[in-house]
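Here is a small set of exercises to work through with the model open beside you. Try each task before you read its solution.

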Amino acid sequence: MTGSSQRRHRVAVLALDGVQPMEVGMPFQTFGLHDRHYDVILCGQSAGPVETLNGWSLTAPYGLDEVVTADTVIVPAYRGSERDTPPDATPDVRDALREAHSRGARIATICTGAFALASTGLLDGKRATTHWMLTDELARRHPRIEVDPSVLYVDNGSLITSAGVASGIDLCLHLLRRDCGAATATSIARGIVAAPHREGGQAQYVTRPPAPPNRTELSATLEWALRRLDTPLTVAELAAHAAVAERTFARMFTAQLGVSPIKWLTAARISRARELLETTDAGIDHIGQACGLGTPANFRHHFRLATGTTPTDYRRTFSSGSVQ
């Protein structure tokens, strides 16, 4: 843990304009339960009211001076959605984050808080993540950052970014494990009724791709294929149904859907598997066969590649009942 053992580790939660209240509370709820080791304070650009995304204000007792001297700075989500990305941090916030980092503080972000940290340049040349809906935008605005859309958090040592919303809890528990060990983190996770360590990444939470547009020339073939996912379809068979040459079909498919036929088929099979895992108590092996993913080993391999977790763990998390 940063700092002398004679004093507690100071965590500054920096609430920017349009902050999301849920993410503000996460560090207080996790680190605050271990108050023998941590002091957690709320900061704004200046001491005083901070408008939340929900339209009401909270009061930050401290300003950026406390951010600069903190041991850990956490920037929760602010503004932003899939339609309205958050602005870069203002110059005074960027300066405070850079100075804190130069003094030895670690800086962690929750969800869209990554955009504030990215604007400082500190993440250039490093891996980072944010909410899966905004990873493309983060990469576009900050091309020197290696944006990873599939993980719950990325730990670069003194710079840590997390994915959307609840992954902020994963990030805080991860920092607790780093500071105080797994036993302490597990005890606090139990207290807040959270998993001490979640398997997989945010890929398992990404909304399934929408169905192809009805106007595409290939709609009839796509619908035909979706009714036959339990069979080992080939590109040649798809092309024959579309009544075009195989190479022409492959070019048309990629141009209209943005992926190859095989990748689309695999994604469709995984999507069907997810649906069955969520809504039925069918055996894992049966689901693999029903979705055309073959042997249990092959099913597990492709499912983990697509979602970052196993079929069993996915069902445990997302099943509408209590099937195991």
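**Exercise 1. A salt bridge inside one helix**

Does Arg316 count as buried, partly exposed or exposed? Then find its salt-bridge partner and place the pair in the fold.

Solution. Before the first step, some ground rules. This is a predicted model, in which local features need pLDDT of at least 70 and side-chain atom pairs count only at pLDDT 80 or more, while totals for chains, interfaces and linings use all residues. Residues are numbered from 1 along each chain as its sequence is written, and side-chain values use heavy atoms, with hydrogens and water left out.

Step 1: Arg316 has 48% relative accessibility and counts as partly exposed. Here buried means under 20% relative accessible area, exposed means over 50%, and partly exposed lies in between (1.4 Å probe, protein chains only).

Step 2: the partner is Asp313, with the closest N and O atoms 2.4 Å apart. A salt bridge is a side-chain nitrogen of Lys or Arg within 4 Å of a carboxyl oxygen of Asp or Glu. Asp313 is partly exposed too, at 23%.

Step 3: both residues sit in helix H14 (residues 311-318), 3 residues apart, so about one helical turn separates them. Helices (H or I, at least four residues) and strands (E, at least two) are DSSP runs, numbered from the N terminus.

**Exercise 2. Salt bridges between elements**

Which parts of the chain do the pairs Arg127 with Asp148 and Arg300 with Asp285 tie together?

Solution. Step 1: the side chains of Arg127 and Asp148 meet in a salt bridge at 2.7 Å, N to O. Arg127 belongs to strand S7 (residues 127-128) and Asp148 to the loop between strand S8 (146-147) and S9, so the pair links parts that are 21 residues apart in sequence. Arg127 is partly exposed at 31% relative accessible area, whereas Asp148 is buried at 16%.

Step 2: Arg300 and Asp285 also meet in a salt bridge, at 3.7 Å, N to O. Arg300 lies in helix H13 (residues 296-307) and Asp285 in helix H12 (residues 284-290), so this pair ties together parts 15 residues apart in sequence. Arg300 is partly exposed at 35%, and Asp285 is partly exposed at 42%.

Step 3: the structure holds 15 salt bridges.

**Exercise 3. Reading the sheet**

In what order do the strands of the open sheet of 6 strands lie, and which strands stand at its edges?

Solution. Step 1: the order is S2-S1-S5-S6-S10-S9, with mixed pairing. Two strands pair if DSSP finds at least two bridges between them.

Step 2: the edges are strand S2 (38-43) and strand S9 (153-155); each has a single partner strand, so one side of each has no neighbour in the sheet. On average, neighbouring strands of this sheet are turned by 15° against each other, direction ignored.

Step 3: look at one pairing. Strand S1 (residues 9-14) runs parallel to S2, and 6 bridges join them. Leu14 has Cys43 in S2 as its bridge partner.

Step 4: add the helices. Helix H1 (residues 21-31) lies across S1, S2 and strand S5 (72-75), at about 165° to S2. Helix H3 (residues 91-102) packs on the sheet, touching S1, S5, strand S6 (106-109) and strand S10 (159-162), and makes about 145° with the direction of S5. Axes are lines fitted to C-alpha atoms, for helices over the stretch in contact, and angles run from 0 to 180 degrees between N-to-C directions.

**Exercise 4. Into the core**

Which residues of the largest nonpolar core touch the most other members?

Solution. Step 1: recall that in soluble globular proteins, nonpolar side chains tend to be buried together. A nonpolar core is a set of buried Ala, Val, Leu, Ile, Met, Phe, Trp, Tyr and Cys residues joined through side-chain atoms within 4.5 Å.

Step 2: the core has 32 residues, and Leu14, Val67, Val73 and Leu97 touch the most other members. H4 gives the most to this core, with 5 residues.

Step 3: follow Leu14. Leaving aside neighbours within four places in sequence, its contacts (heavy atoms within 4.5 Å) include Cys43, Leu64, Val67, Val73, Val93 and Leu97.

Step 4: a second, separate core of 27 residues includes Ala15, Phe31, Ile160 and Cys172.
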